[in-house]
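I opened the notebook today to look up a few things in this protein, one entry at a time. Here is what I had on screen.

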Amino acid sequence: MDGQKLAERICRESRRSQALVQEDSKAFMAAVQKIRFERRYYLRRNAADARSRLRLLSRSFSDHVAREEKEIFPRVRRMTPALLPLQNLLSLEHREFADRAAALDRGLAALEKKTPADPAAPARKIYSDGIYLVCLVRSHFAVEGDGFYRMLRERLSSESRPALLSEAS
Ligand SMILES: [Fe+2]
């Protein structure tokens with residue numbers, strides 16, 4: 001497979017995986033908004049719902065991460081080391097997502113178990129942490145699409161393509 005086709009295939013698969021994560025991310029955001037704005041009476045039920053949405057989001061993001069970390073990044077590292085700094089940044093964001101999602105799950109589990117005497121502060125924290133997580137996903141995909149994958153496509157379409165491909169094999 002020539003460089004152009006390889007880059008196109010990698011980018012197409014990446015967009016597909018991002019679309020799945022974005023869907024789960026929207027559903028999670030809607031659930032988190034209910035925690036912040038619906039009545040206290042529904043808090044435990046809304047926390048359980050947000051928790052199950054977070055699990056789905058974490059699963060689709062984990063699939064995205066596994067594909068990049070195990071299949072794409074090692075291959076790109078061999079083909080074009082110039083992308084390594086950007087790749088390292090993306091890997092840091094993959095880990096940040098996992099840490100923040102785990103912390104959010106703990107917060108939601110506490111709300112699901114027992115409604116606090118004053119639920120306003122924990123509900124606000126879940127809401128702001130949830131927004132941060134969704135923004136992290138969006139910004140991560142923007143850096144991937146406008147930076148990493150665009151540069152990869154350019155590198156593999158460039159004049160040095162045959163050399164890059166022989167490095168990759
Ligand atoms: Fe990624």
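**Entry 1: the second and third helices.** I started with helix α2 (residues 43-79) and α3, whose axes come within 9 Å and cross at roughly 160 degrees. Over 145 degrees counts as roughly antiparallel, so α2 and α3 are roughly antiparallel to each other. I also looked up the hand of the crossing, and α2 passes α3 in a left-handed one. Next I sorted the residues of the contact between α2 and α3 by class, and found 16 nonpolar, 4 polar and 6 charged.

A reminder to myself before going further: this is a predicted model.

**Entry 2: the third and fourth helices.** I moved along the chain to helix α3 (residues 84-113) and helix α4 (residues 120-157). At what angle do α3 and α4 pack? I read about 160 degrees, with the axes 10 Å apart. The same reasoning applies here: with the cut-off for roughly antiparallel at over 145 degrees, α3 and α4 are therefore roughly antiparallel to each other. The crossing of α3 and α4 is left-handed. In the contact of α3 with α4 I noted 14 nonpolar, 5 polar and 6 charged residues.

**Entry 3: the whole chain.** I then stepped back to see what else the protein holds. I found 5 helices and 0 strands, and from the N terminus on the elements run α-α-α-α-α. What are the dimensions of the box that the C-alpha atoms fill? Along the principal axes I have roughly 65 × 20 × 20 Å. I checked the radius of gyration too: the protein has 19 Å, whereas a compact globule of 169 residues would have one near 15 Å. Of the 169 residues, 27% count as buried. For contacts between residues at least 6 apart in sequence, I wrote down that 79% join residues at least 24 apart.

**Entry 4: C11.** I wanted a cysteine for my list, and C11 sits in helix α1 (residues 3-37). Is C11 buried or partly exposed? Buried takes 20 or more other C-beta atoms within 10 Å, and exposed takes 12 or fewer; C11 has 17 such neighbours, so it counts as partly exposed. Which residues does C11 touch, leaving aside its neighbours within four places in sequence? I found Y149 and R153. I also took the spacing from C11 to V76: their C-alpha atoms are separated by 12 Å, with their positions 65 residues apart along the chain.

**Entry 5: S52.** For the second helix I picked S52, which is placed in α2. I counted 13 other C-beta atoms within 10 Å of S52, so this serine is partly exposed. From S52 to G145 I get 28 Å, C-alpha to C-alpha, for residues 93 apart in sequence.

**Entry 6: E154.** My last stop was E154, in helix α4. Is E154 buried or exposed? I found 11 C-beta neighbours inside 10 Å, and because 12 or fewer is the mark for exposed, E154 counts as exposed. I then looked up A7, which is 147 residues away from E154 along the chain. The C-alpha atoms of E154 and A7 are separated by 8.7 Å.

Terms used. Residues are numbered from 1 along each chain as its sequence is written. This is a predicted model: local features need pLDDT of at least 70, side-chain atom pairs count only at pLDDT 80 or more; totals for chains, interfaces and linings use all residues. Helices (H or I, at least four residues) and strands (E, at least two) are DSSP runs, numbered from the N terminus. The radius of gyration is taken over C-alpha atoms; the globule rule is 2.2 Å times the number of residues to the power 0.38. Two residues are in contact if their C-beta atoms, placed from the backbone, lie within 7 Å. Axes are lines fitted to C-alpha atoms, for helices over the stretch in contact, and angles run from 0 to 180 degrees between N-to-C directions. Angles under 35 degrees count as roughly parallel, over 145 as roughly antiparallel, 65 to 115 as roughly perpendicular and the rest as oblique. A crossing is left-handed if the near helix is turned anticlockwise from the far one by less than a right angle, and right-handed if clockwise. Ala, Val, Leu, Ile, Met, Phe, Trp, Tyr, Cys and Pro count as nonpolar, Asp, Glu, Lys and Arg as charged, and the others, Gly among them, as polar.
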